[in-house]
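The exercises below are meant to be worked through with the sequence and the coordinates open side by side. Each begins with a task and is followed by a solution that proceeds step by step.

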Amino acid sequence: MGNKSLDSGIAEMEELPVPQNIKISNITCDSFKICWDMDSRSKERITHYFIDLNKKENKNANKFKHKDVPTKLVAKAVPLPMTVRGHWFLSPRTEYTVAVQTASKQGDGDYAVSEWSEIIEFCTADYSTVHLTQLMEKAEVIAGRMLRFSVFYRNQHKEYFDHAREAQNNKMLLSVKDNSGSHGSPISGKLEGIFFSCNTEFNTGKPPQDSPYGRYRFQLPAEELFSPKTNLYFADFYCMYTAYHYVILVIAPKGSSGDEFCKQRLPALDIANNRFMTCSEDEDGRLVFHHAQDLILEVIYTDPVDLSLGTVAEISGHQLMSLSTVNAKKDPSCKTCNISVGR
């Protein structure tokens with residue numbers, strides 16, 4: 001056994017303590033704390049910790065052929081718990097496995113190592129509001145000037161609206177947000193709502209006639225969804241390997257369950273003064289609405305919507321399936337819409 005380890009420059013020393021009872025805590029989207037118990041055998045000889053960190057989806061994770069397989073992270077022995085932060089391998093909302101061994105650096109540069117510990121599994125967290133604020137600030141840079149709009153609209157197939165009338169008491173009901181956009185978005189797979197658009201064509205001031213989601217459009221006055229009775233939140237900023245950039249905003253009626261969900265997870269926006277979508281009063285006290293020119297806004301409304309509040313009609317344009325954002329994957333290499341904490 002000893003000769004086997006010499007080839008890798010690591011010597012095996014049985015007396016080094018093996019980490020026991022590993023605990024992971026303070027998990028964020030790109031860091032975690034780790035601690036463990038050790039018996040007193042040669043504890044004073046420990047100079048380093050070897051930490052093997054693998055994505056759980058990796059089929060070869062933690063399948064050590066030998067106890068001296070080089071590890072991905074070498075850390076000096078410090079008082080526990082130890083924080084693993086900013087490691088390139090960590091991405092948000094991702095399952096990992098981790099194992100640890102103790103090591104003692106020898107005079108010739110080789111290491112004596114313990115046995116590997118048990119393998120522990122954990123999952124990194126979503127983006128925090130701090131990370132989302134960083135993402136929001138990047139989106140503000142390219143938002144462009146504000147254009148006036150007056151309606152929200154939702155494109156779907158005819159069967160969707162027929163089902164809402166016949167089986168849902170004339171209401172569009174909530175559905176869970178899919179996994180499109182940033183991998184660390186705290187709303188993906190969790191927030192329930194209804195997607196709407198508000199973007200207008202620059203030359204007409206009206207909604208575009210093309211759509212990737214269906215040839216039928218429900219359209220309603222903007223004040224039916226967005227008013228001083230609602231709160232507005234920033235949720236995501238992403239692109240899909242194209243020149244187009246998307247921002248997801250959430251409109252939540254004050255005090256609703258959607259509002260409570262967003263308060264804990266998303267940066268709040270001043271509805272009358274932000275770079276993405278505003279609702280303000282004119283001199284006559286009427287509500288006026290504007291949206292950012294250079295972003296495609298995806299707006300989630302967190303309450304059911306009655307079809308009687310608007311109209312459903314067939315659009316005259318094309319169904320551009322290539323522009324669909326359903327489960328769309330964010331471009332991790334785009335410098336415009338990525339922050340430094342994973343993908």
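**Exercise 1. A charged pair within a helix**

Is Lys263 buried, partly exposed or exposed, and what is its relative accessible area? Then identify the salt bridge that Lys263 makes with Glu260 and describe how the two residues are placed in their helix.

*Solution.* The model is a predicted one. Step one is the accessibility: Lys263 has a relative accessible area of 49% and is partly exposed, because the exposed class begins only over 50%. Step two is the partner: the side chain of Lys263 meets that of Glu260 in a salt bridge, with 3.7 Å from N to O, and Glu260 is likewise partly exposed, at 37%. Step three is the spacing: both residues belong to helix α4 (residues 257–263), and because they are three residues apart there, about one helical turn separates them.

**Exercise 2. Charged pairs elsewhere in the chain**

State how many salt bridges the structure holds, and work out which parts of the chain are linked by the pair Asp306 and Lys171.

*Solution.* The count comes to twelve salt bridges. In one of them the side chains of Asp306 and Lys171 meet at 3.6 Å, N to O. This pair links distant parts of the chain, since Asp306 lies in strand β22 (residues 305–306) and Lys171 in strand β12 (residues 171–172), 135 residues apart. Turning to accessibility, Asp306 is partly exposed with a relative accessible area of 21%, and Lys171 is also partly exposed, at 28%.

A further salt bridge joins the side chains of Asp282 and Arg286, at 3.3 Å from N to O. Here the two partners fall into separate classes: Asp282, at 24% relative accessibility, counts as partly exposed, whereas Arg286, at 53%, counts as exposed. Finally, salt bridges can also be linked to one another, as is the case for Arg93, Asp126 and Lys190, which form a network.

**Exercise 3. Aromatic rings**

Describe the geometry of the ring pair Phe226 and Phe289, and explain why the pair is classed as tilted.

*Solution.* By the rule applied here the structure has ten aromatic pairs. In the pair of Phe226 and Phe289 the ring centres are 6.1 Å apart and the planes stand at 40°, so the pair is tilted; the stacked class requires planes under 30 degrees apart and the edge-to-face class planes over 60. Next, place the residues in the chain: Phe226 is in the loop between β15 (216–221) and β16 (230–238), while Phe289 is in strand β20 (residues 287–292), so the pair ties together parts that are 63 residues apart in sequence. Both rings belong to buried residues, Phe226 having a relative accessibility of 0% and Phe289 one of 2%. As a last step, widen the view to the cluster, in which Phe149, Phe152, Phe226 and Phe289 are joined.

A ring may also be faced by a charged side chain: Arg265 lies over the face of Phe261, at 3.9 Å from the ring centre.

**Exercise 4. The partners of strand β15**

Which strands pair with β15, and over how many bridges?

*Solution.* Begin with strand β11 (residues 151–156), which pairs with β15 in the antiparallel sense over six bridges; within this pairing Tyr153 stands opposite Gln219 in β15. Then take strand β23 (residues 311–314), which is joined to β15 by four bridges and also runs antiparallel to it. There, the bridge partner of Arg217 is Ala313 in β23.

**Exercise 5. Backbone details**

Locate the cis peptide bond between Leu80 and Pro81, and compare the settings of Asn21 and Tyr241, two non-glycine residues with positive phi.

*Solution.* The cis bond joins Leu80 and Pro81, with omega at about 5°, and Pro81 is found in the loop between β5 (73–76) and β6 (82–85). As to phi, Asn21 has a value of about 55° and lies in strand β2 (residues 20–25), where it is partly exposed with a relative accessible area of 38%. Tyr241 has a phi of about 60°, but its place is in the loop between β16 and β17, and with a relative accessible area of 56% Tyr241 is exposed.

Methods:
Residues numbered from 1 in each chain as written. Predicted model: local features only at pLDDT ≥ 70, side-chain atom pairs only at ≥ 80, totals over all residues. Heavy atoms only, no water. Salt bridge = Lys/Arg side-chain N within 4 Å of Asp/Glu carboxyl O. Buried < 20%, exposed > 50% of the residue type's maximum accessible area, 1.4 Å probe, protein only. Phe/Tyr/Trp six-rings, centres within 6.5 Å; stacked < 30°, edge-to-face > 60°. Lys NZ or Arg CZ within 6 Å of the ring centre and 35° of its normal. Pairing = 2+ DSSP bridges.
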